[in-house]
Amino acid sequence: MIELKNITKSFGEGASAVKALDDITLKVPSGAIYGVVGASGAGKSTLIRCVNLLERPSSGDVLVNGQNLVKMNDRELRQTRRDIGMIFQHFNLLSSRTVYDNIALPLELAGKSKAEIHEAIEPLLQLTGLDEKRQSYPSQLSGGQKQRVAIARALASKPAVLLCDEATSALDPKTTNAILQLLKDINKQLGITILLITHEMEVVKSICDRVAILHGGRLIEENAVEQFFIQPQTEIAREFVRSALHEKQPAELEADFHKEPREGSRPVVRISFMGHSAVEPLITQAARQFNVDISILQADMETVHGNRMGFLTAELIGDEAATQAATNYLQQHPVQVEVLGYVN
Amino acid sequence: MSTDAWLLLGSALWETVYMVALSGAMSFLFGIPLGVLLYSTREGNILQSPLTNQLLGAVVNAARSVPFIILMVAIIPLTRLLTGTSIGTTAAIVPLTLASIPFVARIAEGALNEVPGGLVEAAESMGATPLQIISRVLLPEALPGLIHGITLTLVTLVSYSAMAGAIGGGGLGDLGIRYGYHRFDGVIMAATVIVLIILVQLIQMAGDHLHRKFDHS
């Protein structure tokens, strides 16, 4: 389990100091895949590097499996780092070593014998599908294969935690999916806790259990992934969700869209639901029962965290009381309804 | 060319190889660790210590700014202390070594700078000690660059050793000056130049071969 408590990190001193992280508190439960999302410059890299103290926080505590890394001396810290694997955007493999020897590196550093190293590496070569590449050098591998080597290397010392620093950002979409699948398998098979940072919502959508949004060095939102997609709380989170679901903004769908209701304006709602809720009859029922017309502006089904989820944006046409009643009716069913704004 | 001339050429070649090999080996022995220190004490690197870095840098720069011909004469007391004499092939090894240590140090520093910082970071994330980072990551990764630098140093030493010859160090340079220049013996002069060219060529070829062998990037 990873716990960050009131982490602050400033670069520079005095008036020119820049606060990269501002009072970050977050908890990654054991066995979870936890994603931190943010735009470039939001402080994601600094955040993940604070977890194994590659970057020392200016203040705050970093607890991994209950041990506070900030309070450790160099020796204890090195020992603890063996229990925290890390993979990087640019793989960071040693070009002078073969695949096998790259994976062996952390074990060599820990002073393991050749036999112990061999025993640890064989299953990793199988797990990551690198068996035939064991004698290749990194320069002979594709990006996806390189990241597999890096993953095997990170797992070699059997860590409890894996940190992924933009691990798929240098890969094409197909390779990204394969690597994400591998991370998911590792999480399931080995029960390893994964903290990843990314700017790609696709990553969050496909493998994360929980997600946090980092913006300007602050955590502005945190939720289970399904809930996050159903009901993002902040405008920035909303923007991330839209980009992941390829949803258009209501203003793009309706020219006269506005946030606040006006005289005679009609609500635009976002309806989201899990699984195969019979949403279609529900909508027709609401329309019939409350005498409103429901005009669907966009609709899509997506797989989020392994669940089929539906998202639709619709305009409710009818008098105010009727649209309100229809909204309430829908909300009593296993669908989420959120009023985005109004059109005239 | 007479048999005597061949013998002269042979022993001069041996003296040159002896001077270059020994001063080369010594300068790598001291220069590479110095280069590692220059690299690792720099701000932001694994043993950062700006003061040490500036101090070492200043010493290295000072040593490098003394022309070799002057260095040779200036350190005669030291040479005498170390080898018991200030004349001859063995004595020439002292200034040759001293001149190439800072050269090798800067070359090693440059080769280490070429190693991507991400590799050091990855090793740190695995719990590597600074010494392990140097021995397991930095030096192996910088090896192709170091081989380049070593080749360059040896070639430079061949020409420096010729200068050492001028003050009684022996070797091919000495032969060329004494017979070719002072005695107007064009044949010996030409032979000396040809042997030097072949020697440098061989060093370069060996260096290139090793570079290819160890460069997997």
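Both faces of strand β7 in chain A are covered, since A:Val161, A:Leu163 and A:Asp165 on one side are all buried, as are A:Leu162 and A:Cys164 on the other. The model described here is a predicted one, and this report starts from that strand before turning to the cysteines and to the chain as a whole.

**Strand β7 and its partners**

Strand β7 of chain A spans residues 161-165, and five of its five residues are buried, so that the strand counts as mostly covered. Strand β6 of chain A, which covers residues 84-88, pairs with β7(A) in the parallel sense over five bridges. Within this pairing, A:Gly85 has A:Leu162 of β7(A) as its bridge partner. Strand β8 of chain A, made of residues 193-198, also runs parallel to β7(A) and is joined to it by five bridges. Here A:Val161 stands opposite A:Thr193, a residue of β8(A). The two pairings are set out below.

| Partner of β7(A) | Residues of partner | Sense | Bridges | Example of facing residues |
|---|---|---|---|---|
| β6(A) | 84-88 | parallel | five bridges | A:Gly85 and A:Leu162 |
| β8(A) | 193-198 | parallel | five bridges | A:Thr193 and A:Val161 |

**The cysteines**

A disulfide is a covalent bond between the sulfur atoms of two cysteines. Over all chains, the structure holds zero disulfides. A:Cys164, a residue of β7(A), takes part in no disulfide, and the nearest cysteine sulfur to its own, that of A:Cys208, is 9.2 Å away. A:Cys208 is likewise in no disulfide, its nearest cysteine sulfur being that of A:Cys164 at 9.2 Å. Because a disulfide requires the two sulfur atoms to be within 2.5 Å, this pair, at 9.2 Å, does not count as one. A:Cys164 has a relative accessibility of 2% and therefore counts as buried, and A:Cys208, with a relative accessible area of 0%, is buried as well.

**The chain as a whole**

Chain A contains 12 helices and 14 strands, and its C-alpha atoms fill a box of roughly 75 × 50 × 30 Å when taken along the principal axes. Of the 344 residues in chain A, 52% are buried. When contacts in chain A between residues at least 6 apart in sequence are considered, 69% of them join residues that are at least 24 apart.

The chain exposes about 15,200 Å², of which carbon and sulfur atoms supply 47%. Chain A carries 36 positive and 42 negative side chains, and the centres of these two sets lie 8 Å apart.

Conventions. Residues numbered from 1 in each chain as written. Chains lettered and ligands numbered in written order. Predicted model: local features only at pLDDT ≥ 70, side-chain atom pairs only at ≥ 80, totals over all residues. Heavy atoms only, no water. Buried < 20%, exposed > 50% of the residue type's maximum accessible area, 1.4 Å probe, protein only. Helix = DSSP H or I, 4+ residues; strand = E, 2+ residues; numbered from the N terminus. Contact = heavy atoms within 4.5 Å. Areas by Shrake-Rupley, 256 points an atom, 1.4 Å probe, with all protein chains shown as cover. Lys, Arg positive; Asp, Glu negative; His and termini not counted. Charge placed at Lys NZ, Arg CZ, Asp CG, Glu CD. Pairing = 2+ DSSP bridges.
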